[in-house]
Structure formats: structure tokens, C-alpha cells
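Work through the exercises below with the model in view. Try each task before reading its solution.

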Amino acid sequence: MKKIEAVIKPFKLDEVREALSEVGITGLTVSEVKGFGRQKGHTELYRGAEYVVDFLPKIKVEVVVSEALVDQTIEAIVKAARTGKIGDGKIFVLPVEQVVRIRTGETDEQAV
């Protein structure tokens with residue numbers, strides 16, 4: 001099993017969720033996060049004063065999938081989240097050693 005973490009633009013969340021649903025992903029975790037990459041933040045104008053925004057708001061989507069679904073999941077996220085502009089985000093794929101569903105005690109593939 002693999003854990004896929006995608007950091008995306010906030011307004012793309014609904015499209016990504018729908019794309020993951022179409023692939024067969026039944027559960028995901030969403031977190032509001034802040035960060036920066038190559039763009040290093042940006043400047044904004046507020047009431048006539050210019051200030052620097054170092055950390056930009058992003059959304060982190062986390063899903064755990066079987067090995068067979070990894071490529072489909074990544075492709076769905078990329079297709080739904082891409083705007084073609086800087087700051088579209090990143091996808092990280094990590095190994096998952098064990099999963100346990102607390103309510104039933106199911107483990108691994110049955111718990112996902």
C-alpha cells in the first residue's frame with residue numbers, strides 16, 4: 001500500500017475530490033496548510049500598504065491506496081489540479097506498512 005499526499009491550490013479541491021471518486025477512492029483526508037516553493041510567496045496591497053505574504057494557503061489531500069491504484073490516483077490528481085501556472089503543487093508517494101480500522105479491527109487492505 002502507498003500513501004499519496006498531494007499539495008494543491010485550494011480552489012481545485014472539489015475537482016480533485018471528484019476525480020478521486022471516479023477512480024474509486026472512497027476516503028481521503030484534507031488539511032489546510034501553508035507553504036511556499038519556487039515562487040517564495042508574493043507581495044499584496046492592503047489599504048494602500050504593500051506587504052509580503054511568505055506562506056501561501058494550500059490544501060493537502062492524503063489518500064492510502066493499494067499498489068494497483070497508485071498510477072491511476074496520481075494521474076487523476078494531476079489532471080484535476082493542474083492549472084499550468086506556478087504553484088500548482090506537488091504529489092508525494094510514501095510506503096504504508098500497516099493500516100488498522102479502529103472500529104472493526106480490520107487490517108491492511110480491508111481497512112482502507
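**Exercise 1.** Find the residue that follows α1 and give the sign of its phi.

Solution. G24 comes after α1, and its phi is positive, near 110°. The model is predicted: local features need pLDDT of at least 70, side-chain atom pairs count only at pLDDT 80 or more, and totals for chains, interfaces and linings use all residues. Residues are numbered from 1 along each chain as its sequence is written, and side-chain values use heavy atoms, without hydrogens and water.

**Exercise 2.** Identify the buried residues of helix α1, place them around the axis, and name what covers them.

Solution. Start with the list: in α1 (residues 13-23), V16, A19 and L20 are buried (under 20% relative accessible area, 1.4 Å probe, protein chains only). They cover an arc of only 100° around the axis, so they lie on the same side of α1; the arc is that of the directions from the helix axis to the C-beta atoms. Now the cover: it includes β1 (2-8), β5 (56-65) and α2 (70-81), with contact meaning heavy atoms within 4.5 Å.

**Exercise 3.** Write the order of helices and strands, then judge the spread of the protein.

Solution. The order is β-α-β-β-β-β-α-β. Helices (H or I, at least four residues) and strands (E, at least two) are DSSP runs, numbered from the N terminus. The radius of gyration is 17 Å, well over the 13 Å of the globule rule for 112 residues, so the protein is more spread out than a compact globule. That radius is taken over C-alpha atoms; the rule is 2.2 Å times the number of residues to the power 0.38. Along the principal axes, the C-alpha trace spans about 55 × 25 × 20 Å.

Methods: Buried means under 20% relative accessible area, exposed over 50%, partly exposed in between (1.4 Å probe, protein chains only).
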